[in-house]
Amino acid sequence: LFAGEVTFVKGVVAMSGLPDADRPEVCFAGRSNVGKSSLINALTGRKALARASNTPGRTQEINYFDLGGQTFLVDLPGYGYANAPLPKVEKWQALLKQYLSGRATLRRAFVLIDARHGIKPVDEEIMALLDSSAVTFQCVLTKADKVKAAERDKMLAQVRTRLATHAAAFPEIVLTSSEKGDGIATLRAIIATLE
Ligand code: GDP
């Protein structure tokens, strides 16, 4: 999967723009600044790949990447911007709902959580939406290099407790550092099994 060519397919702003659902896909969601672009870049081994999705104008799009012609990797817009105007937030929420409930080929959502901050109310909202859309989701803790072992273990326990309350949650939590490379191979292997 990741050995093949990874390419940017398109940015999508409406359901009508989605590419044909002709292969399995996984999506990545997380609060803005959680480290989503860095993680996607680390996973794909392309330094600048997901940067496009962080440039102004691109941030509200669902960005599609192709992994070796076999699987789509879907970068959902970051949520929880402090100053996002309400109409924009509502438009994005509506598209997200349609996407999550209407994409039959979506195999799993990865919900990124900053290992220093843990699960916030906006993350809970996304998880509730995933529950109601019956999309299996898996938590990925990011920036693991920024926390000490004790803090990390406390966070893992907190996340584990929260996940137990979500019907669509996959129990295994993936601890990652895009900076150090921790968990990247594990995450690649998980994605490779979801075909
Ligand atoms: P996004 O908004 O979720 O796409 O987040 P970015 O990938 O742009 O990362 C936000 C900030 O966190 C940037 O300053 C990154 O350099 C930093 N960052 C991302 N991942 C890591 C990581 O694994 N370790 C550390 N120490 N910093 C990270």
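The buried residues of helix α2 have cover that includes β3 (62–67) and α3 (121–133). This is a predicted model. Beyond α2, it has an open sheet of 7 strands and a ligand with 17 residues around it. K143 is a buried residue in a loop.

**Helix α2**

- Helix α2 runs over residues 86–102 and has 17 residues.
- From its first C-alpha to its last, α2 reaches 24 Å, close to the 24 Å expected at 1.5 Å a residue.
- Its buried residues are W92, L95, Y99 and L100.
- These residues cover an arc of only 130 degrees around the axis, so they sit on the same side of α2.
- The other side of α2 has exposed residues: L86, P87, E90, A94 and G102.

**The sheet**

- The 7 strands of the open sheet follow the order β1-β3-β4-β2-β5-β6-β7.
- Pairing in this sheet is mixed.
- Strands of a sheet pair through backbone hydrogen bonds, either parallel or antiparallel.
- The edge strands are β1 (6–12) and β7 (174–175), as each pairs on one side only.
- Strand β3, part of the cover over the buried residues of α2, is joined to β4 (residues 71–75) by 5 bridges.
- β3 and β4 run antiparallel.
- D66 has F72 in β4 as its bridge partner.

**Around the ligand**

- Of the 17 residues around the ligand, the ones that come nearest are G35, K36, S37, S38 and E179.
- Helix α1 (residues 36–44) gives the largest share of this shell, with 3 residues.
- By class, the shell holds 11 polar, 5 charged and 1 nonpolar residues.

**K143**

- K143 lies in the loop between β6 (137–142) and α4 (149–163).
- Is K143 buried or exposed? K143 is buried, because 22 other C-beta atoms lie within 10 Å.
- Neighbours within four places in sequence aside, K143 is in contact with G35, D114, A115, R116 and S177.
- One of these contacts, G35, is also among the residues that come nearest to the ligand.
- K143 and L175 are 32 residues apart in sequence, yet 8.4 Å apart in space, C-alpha to C-alpha.

Terms used:
Residues numbered from 1 in each chain as written. Predicted model: local features only at pLDDT ≥ 70, side-chain atom pairs only at ≥ 80, totals over all residues. Near = placed C-beta within 6 Å. Helix = DSSP H or I, 4+ residues; strand = E, 2+ residues; numbered from the N terminus. Nonpolar A, V, L, I, M, F, W, Y, C, P; charged D, E, K, R; others polar. Expected span 1.5 Å × (residues − 1). Buried ≥ 20, exposed ≤ 12 C-beta atoms within 10 Å, placed from the backbone. Arc of directions from axis to C-beta. Contact = placed C-beta atoms within 7 Å. Pairing = 2+ DSSP bridges.
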